[in-house]
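Q: Please take a close look at a single part of this structure and describe how its pieces fit together. A connected account for a reader new to the structure would be welcome.

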Amino acid sequence: MPRKHQGISRQVNRERGCTKPASGATNAKAHGVARVISKRGFCSRSQAENLVREGRVSLRGKIVRDPDTPARENDEICVDGKPVKASEFVYFMMNKPRGYVTTASDEKGRATVMDLFREQYAKMFPGKPVPHISPVGRLDAASEGLLLFTNDTQWADALLKTKDERRKTRDDKCVERESRGPTHTKIYRVQVNGHPTAEELSQMEAGFNVPPRVFGEPEEFMHAVSAKLYSAGEKNCWLEITLDEGKNREIRRMLAKLGYEVLRLVRIKFCNFELGDLKQGCIKKIDAPQH
C-alpha cells in the first residue's frame, strides 16, 4: 500500500477509536470489551458493563468507559488493575424447589437460586470459592425442576436462542453442528386442576393467542410441541408438555386460556439434560458440552 494510503488508513482507524490489536490477534474477531470480560467468566455481561462505565476497566493498558469498545479474545484486560483471565468453564444442574426466584439478588428479599447454589456448592466443595456462575434461562418462583448453571456465556446463549434466532444464524456448518447438538426442547410435568380433553390438548399443539400479561399489549401466539396426558386422578391430572421456545409463563397462560389452574409445574428435561433422580434442592456437576 502506498505511504499516502497507509497514512489515511491509520487516520481513519484513530477516528473510529481503533487501536492496534494484541500480538497474534490480527485475525481475531473483536467484540465489546464488556462481552469479552463476560465470556472469560469473570462476571455477567451487565456487571461488566457497569465496571466499564465506572472506569474500573483497562484495555491494553488504557482505561475505557464504553462497554462496546472493541476488544479481542486475547487482549490484555484488567479490572481494578488486576488481569482478567479466562476462567475454567463449569456446568451444573439443580433440582429447583418451589419458592426460589431465578435471579442473583431480589429486591423483595426472597430466597434466590443463587443463595441455594452457594449453599449446596459449599457442601460439595468445602473451602473452595464459588465460581462466578449464572442460571441458564429462568424458572418462575412457583415452578420446580431442572435448572442449568454455567459461566460459559457462549454456550448459555446458544441454549436460549429462539427457533427464529437459530434459523437466522444457520449455515451449512451450523446445520451439521446442531444435528449433533441439543434439540433446544424443554419437557415439563404439569399438574392441573381438572382433566383437559384430548381436543384441548390438540389445541395446545396447534397453538392459539393468549391474553397479554400487561394490559394494553397485544395478544401473543403460543403453542406446545407436544401436550399429552401423563396420569389422572379423581380431581386433577398430570400432563407432559414439550416446548421449543421460552415465552414468559407459556404453559400457565395457555392452560389458563383453556380454563385450567396449574397446581405444580416441574421441568424434567432441558435440551439433552434430564433431571433424573436428583433430589430437590440439590446440585450436580455435569459434563462439559460440545461446542
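A: In this predicted model, Phe92 stands opposite Phe149 in strand E9. The two strands concerned, E7 and E9, run antiparallel and are joined by 6 bridges. E7 also pairs with E17 in the antiparallel sense, over 3 bridges. In that pairing, Met94 of E7 has Ile283 of E17 as its bridge partner.

Strand E7 itself is mostly covered, since 6 of its 6 residues are buried. Tyr91, Met93 and Asn95 point one way from the strand, while Phe92, Met94 and Lys96 point the other way. Both of these sets are buried. The pattern agrees with a general rule: in a regular strand the side chains alternate between the two faces of the sheet.

Helix H4 is the next element to consider. Spanning residues 113-124, H4 has 12 residues and reaches 16 Å from its first C-alpha to its last, close to the 16 Å expected at 1.5 Å a residue. Its buried residues are Val113, Met114, Leu116, Phe117, Gln120 and Tyr121. They cover an arc of only 155° around the axis, and therefore lie on the same side of H4. As a general point, an α-helix has 3.6 residues a turn, so residues three or four places apart point the same way. The buried residues of H4 pack against four strands: E7 (91-96), E8 (134-135), E9 (144-150) and E17 (283-285).

Phe149 shows how the helix and the strands come together. Leaving aside its neighbours within four places in sequence, Phe149 is in contact with Val113, Met114 and Phe117, and also with Tyr91, Phe92 and Met94. Its other contacts are Val90, Ile133, Ser134, Pro135 and Val136.

Phe149 and Phe117 also belong to the largest nonpolar core, which has 34 residues. Together with Val190, Met204, Ile241 and Leu255, these two phenylalanines touch the most other members. H4 gives the most to this core, with 5 residues. More generally, in soluble globular proteins, nonpolar side chains tend to be buried together.

Two cysteines complete the description. Cys237 counts as buried because its relative accessibility is 1%. Cys282, with a relative accessible area of 24%, is partly exposed. The count of disulfides in the model comes to 0.

Key:
Residues numbered from 1 in each chain as written. Predicted model: local features only at pLDDT ≥ 70, side-chain atom pairs only at ≥ 80, totals over all residues. Heavy atoms only, no water. Expected span 1.5 Å × (residues − 1). Buried < 20%, exposed > 50% of the residue type's maximum accessible area, 1.4 Å probe, protein only. Arc of directions from axis to C-beta. Contact = heavy atoms within 4.5 Å. Pairing = 2+ DSSP bridges. Core = buried A, V, L, I, M, F, W, Y, C linked by side-chain atoms within 4.5 Å. Disulfide = S-S within 2.5 Å.
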